Amino acid sequence: MFTHKIWKAFRWTLGLFLATSFLSVILLKFLPVYITPLMVIRCFQQLSNGESITLHHHWVSLDDISPSMPVAVMASEDTRFLLHHGFDYAAIEKAVRRNMKHKKKLGASTISQQTAKNVFLWPGRSWLRKGFEVYFTTLIELMWSKQRIMEVYLNSIEMGNGIYGADACAEYHFGKKAIELTRADCALIAATLPNPRVFSSKIPSAYIQKRQRQILKNMRYIPSFPKAGEDYDPNTAVGGIYHHR
């Protein structure tokens with residue numbers, strides 16, 4: 001009897017989770033993402049450190065972000081973003097081989113995985129969170145377009161202490177709007193993304209400037225990102241990097 005009640009509670013919990021997760025992914029296909037779990041966590045961390053709450057975030061459409069910004073984050077974070085379905089298995093295999101030989105671990109998260117983590121989950125490296133990340137990555141890849149994933153990513157990614165999204169970063173680090181960011185600005189922002197709370201696009205170190213130059217070189221192989229509703233052909237990819245027709 002007790003086992004039956006546990007099984008019944010498990011089924012109800014699983015059913016509720018599946019229903020709410022599907023509904024949230026469907027709703028956020030159309031609605032702006034104004035707050036994320038990471039933003040809330042960072043606010044509590046600031047309070048616990050005796051700091052005042054700092055949260056700068058402006059939601060803007062992909063059309064209001066510099067066209068160089070998607071190109072820069074692809075060149076830096078995920079060159080095969082338009083080719084894979086959420087997981088870059090070649091990059092994962094490469095990271096596993098490297099991590100077996102080096103103490104400093106190399107990640108292989110795609111832009112889709114980072115979007116799923118930023119919007120639906122919490123930061124961390126546990127297997128439980130990773131499992132949820134795989135689940136939500138699969139859902140958004142099935143239900144959202146690549147343009148929507150990129151739009152949410154560029155609006156929710158942490159780009160500095162208390163700064164989230166391209167428009168807030170453009171204002172507080174460059175004195176501009178996101179649409180006014182230059183190609184070099186975008187590459188500089190992308191260069192900080194591995195650790196935006198340590199690396200700054202406002203006061204870039206020599207290391208970040210070096211990364212910026214490398215990203216600018218890589219951006220030459222990704223000349224444009226398709227707009228919403230615009231068709232693109234993965235077969236035009238050369239060397240694993242998308243080339244716009």
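How many aromatic pairs does the count come to in this chain? The answer is nine aromatic pairs. Keep in mind that this is a predicted model.

## Aromatic pairs

Let's start with F17 and Y135, which make a tilted aromatic pair with 5.4 Å from centre to centre and 35 degrees between the planes. F17 belongs to helix α1 and Y135 to helix α6 (residues 127-143), so this pair ties together parts that sit 118 residues apart in sequence. F17 has a relative accessibility of 28%, so it counts as partly exposed.

F120 and W144 are another tilted pair, with centres 6.4 Å apart and planes at 45 degrees. Here F120 comes from helix α5, while W144 is in the loop between α6 and α7 (146-156), so the pair links parts 24 residues apart in sequence. Both F120 and W144 are buried. Those four residues also turn up together in one aromatic cluster, made of F17, F120, W122, F132, Y135, F136 and W144.

## Charges over rings

W144 has a charged partner as well: the charged end of R148 sits over its ring, 6.0 Å from the centre. The ring of F81 gets a similar visitor, with the charged end of K146 sitting over it at 4.5 Å from the ring centre.

## The overall layout

Now for the bigger picture. The chain holds ten helices and three strands. Going along the sequence, they come in the pattern α-α-β-α-α-α-α-α-β-β-α-α-α. Of the 245 residues in the chain, 43% are buried.

Helix α5 (residues 111-120) is mostly covered, with nine of its ten residues buried. The buried ones are I111, S112, Q113, Q114, T115, A116, N118, V119 and F120. That last name is the one met above, in the tilted pair with W144.

## A nonpolar patch on the surface

What makes up the nonpolar surface patch of about 960 Å²? It is built by W7, F10, L14, L18, F22, L23, I26, L27, F30 and L31. One of these, F30, is placed in the loop between α1 (2-27) and α2 (37-48). With 61% relative accessibility, F30 counts as exposed, because the cut-off for that label is over 50%.

## Cysteines without a bond

If you're wondering about disulfides, a search of the whole structure turns up zero. A disulfide is a covalent bond between the sulfur atoms of two cysteines. Why does C169 not have one? The closest cysteine sulfur, in C186, is 9.5 Å from the sulfur of C169, so it is too far for a bond. Seen from the other side, C186 is in no disulfide either, and its nearest cysteine sulfur is that of C169, 9.5 Å away.

Are these two cysteines buried or exposed? C169 is buried, with a relative accessible area of 0%, and C186 is buried too, also with 0%.

## T192 and Y207

Last stop: T192, which is found in helix α9 (residues 183-192). T192 has 0% relative accessibility, so it counts as buried. Its C-alpha atom is separated by 9.8 Å from that of Y207, a residue 15 positions apart from T192 along the chain.

Notes: Residues are numbered from 1 along each chain as its sequence is written. This is a predicted model: local features need pLDDT of at least 70, side-chain atom pairs count only at pLDDT 80 or more; totals for chains, interfaces and linings use all residues. Side-chain values use heavy atoms; hydrogens and water are left out. Patches are made of residues with over 30% relative accessible area and no salt bridge: like charges are joined within 9 Å, nonpolar side chains (Val, Leu, Ile, Met, Phe, Trp, Tyr) within 5 Å. Accessible areas come from the Shrake-Rupley method with a 1.4 Å probe; for residues, only the protein chains shown count as cover. A salt bridge is a side-chain nitrogen of Lys or Arg within 4 Å of a carboxyl oxygen of Asp or Glu. Helices (H or I, at least four residues) and strands (E, at least two) are DSSP runs, numbered from the N terminus. Buried means under 20% relative accessible area, exposed over 50%, partly exposed in between (1.4 Å probe, protein chains only). Rings of Phe, Tyr and Trp (its six-membered ring) pair if their centres lie within 6.5 Å; planes under 30 degrees apart count as stacked, over 60 as edge-to-face and the rest as tilted. A charge sits over a ring if NZ of Lys or CZ of Arg is within 6 Å of the ring centre and within 35 degrees of the ring normal. A disulfide is a pair of cysteine sulfur atoms within 2.5 Å.
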